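Work through the exercises below with the model open. Try each task before reading its solution.

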Amino acid sequence: MALPVYASPLEKLWHYTYIVLCAAIFIFLIAPILIIIPLSFNAEPYFTFTEQMLAFDPEGYSMRWYDKLITFGMIDPDAPRDMSFWLDFWQHAAWMQAAKNSVIIGVFATILAAGLGTIAALGLTRPEMPFRKQITAVLISPMIVPIIISATGMFFFYSGQWVPTVGADGFEWGRLAGTYVGIILAHAALGIPFVIITVTATLSGFDQSLVRAAASLGANPRTAFFRVVMPLIMPGVISGGLFAFVTSFDEVVAVLFIADHTQQTIPRQMWNGIREQISPAILSVATLLVILSVSLLTVVELLRRRSERLRGMSPS
């Protein structure tokens with residue numbers, strides 16, 4: 001935004017100082033994230049910039065670590081890249097299995113978190129709801145309580161819970177710990193606060209007279225909700241769901257506590273890679289996750305602007 005022509009020298013000084021401070025803070029926050037992107041193309045097995053990379057020598061850069069993501073864990077990583085190679089990759093590649101687990105867990109946890117979080121937000125925005133502040137504090141506590149405490153509590157709780165599982169002889173009873181159901185429930189619990197916050201923020205600008213108008217035209221509560229309320233709060237629900245998905249996709253502490261050793265997710269695979277074999281392939285995964293996060297945040301911002309337009313809070 002340009003300064004007006006009548007701005008005083010002190011106002012101009014503060015304006016440009018403010019811009020410099022904002023730029024410095026932005027660089028401070030974004031630099032640790034951006035630095036991993038060029039490092040993921042390092043031709044050498046190091047986590048530092050080599051002399052060739054600093055000199056922008058093409059031989060100092062390579063896609064070998066991205067290729068490592070494909071071949072690591074495969075039965076025959078050196079086979080010709082035909083259909084059998086990609087079938088081996090789909091069935092045995094370690095990073096592929098971790099990605100599939102992360103996506104499956106994240107999708108189901110997001111659906112559960114979005115549904116329960118939306119219902120909770122609708123109830124908490126009702127003026128006749130008793131103890132709203134206390135209930136809200138309890139529901140968003142997973143965002144405040146350190147994750148190590150939540151994970152420890154989940155571990156002890158799951159260890160005493162028995163659920164039907166699929167075993168070698170069909171359905172049998174087993175502990176909730178070490179099951180995909182347990183991981184999905186844990187990730188949903190961690191994602192529900194994000195849905196509550198975003199949907200509650202959307203409902204804060206919702207015009208309740210629209211519901212009364214729908215009722216006056218003969219719509220029952222169910223029809224009014226799905227035809228009037230839900231379309232207007234849907235951007236908030238989707239935004240909260242995206243935050244819940246990112247939270248699930250990035251969660252490692254809870255998985256370390258309650259998951260079986262065979263249930264690898266991408267963050268857990270990265271954790272194991274750091275502890276057991278230091279490889280720049282982890283930087284390649286981190287780069288892909290940064291791209292995914294930026295894409296999801298872009299979608300969230302577009303949904304926020306659409307929500308403002310639907311509620312008449314933005315002129316364009």
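The exercises go from the whole chain to one residue.

This is a predicted model, where local features need pLDDT of at least 70, side-chain atom pairs count only at pLDDT 80 or more, and totals for chains, interfaces and linings use all residues. Residues are numbered from 1 along each chain as its sequence is written, and side-chain values use heavy atoms, without hydrogens and water.

**Exercise 1.** Compare the radius of gyration of the protein with that of a compact globule.

Solution.
- Take the radius over C-alpha atoms; the globule rule is 2.2 Å times the number of residues to the power 0.38.
- For 316 residues the rule gives a value near 20 Å.
- The protein has 25 Å.
- Its C-alpha atoms fill a box of roughly 75 × 70 × 40 Å along the principal axes.

**Exercise 2.** State what share of the residues is buried, and describe the accessible surface.

Solution.
- Buried means under 20% relative accessible area (1.4 Å probe, protein chains only).
- Of the 316 residues, 35% qualify.
- The accessible surface (Shrake-Rupley method, 1.4 Å probe) is about 19300 Å².
- Carbon and sulfur atoms own 70% of that surface.

**Exercise 3.** Place Val 252 in the fold and list its contacts beyond its sequence neighbours.

Solution.
- Count helices as DSSP runs (H or I, at least four residues) and strands likewise (E, at least two), numbered from the N terminus.
- The protein has 15 helices and 2 strands.
- Val 252 sits in the loop between α12 (221-250) and α13 (253-258).
- Set aside neighbours within four places in sequence; Val 252 then contacts (heavy atoms within 4.5 Å) Pro 267, Arg 268 and Trp 271.
- Thr 50 lies 202 residues from Val 252 along the chain, with 31 Å between their C-alpha atoms.

How values were computed:
Buried < 20%, exposed > 50% of the residue type's maximum accessible area, 1.4 Å probe, protein only.
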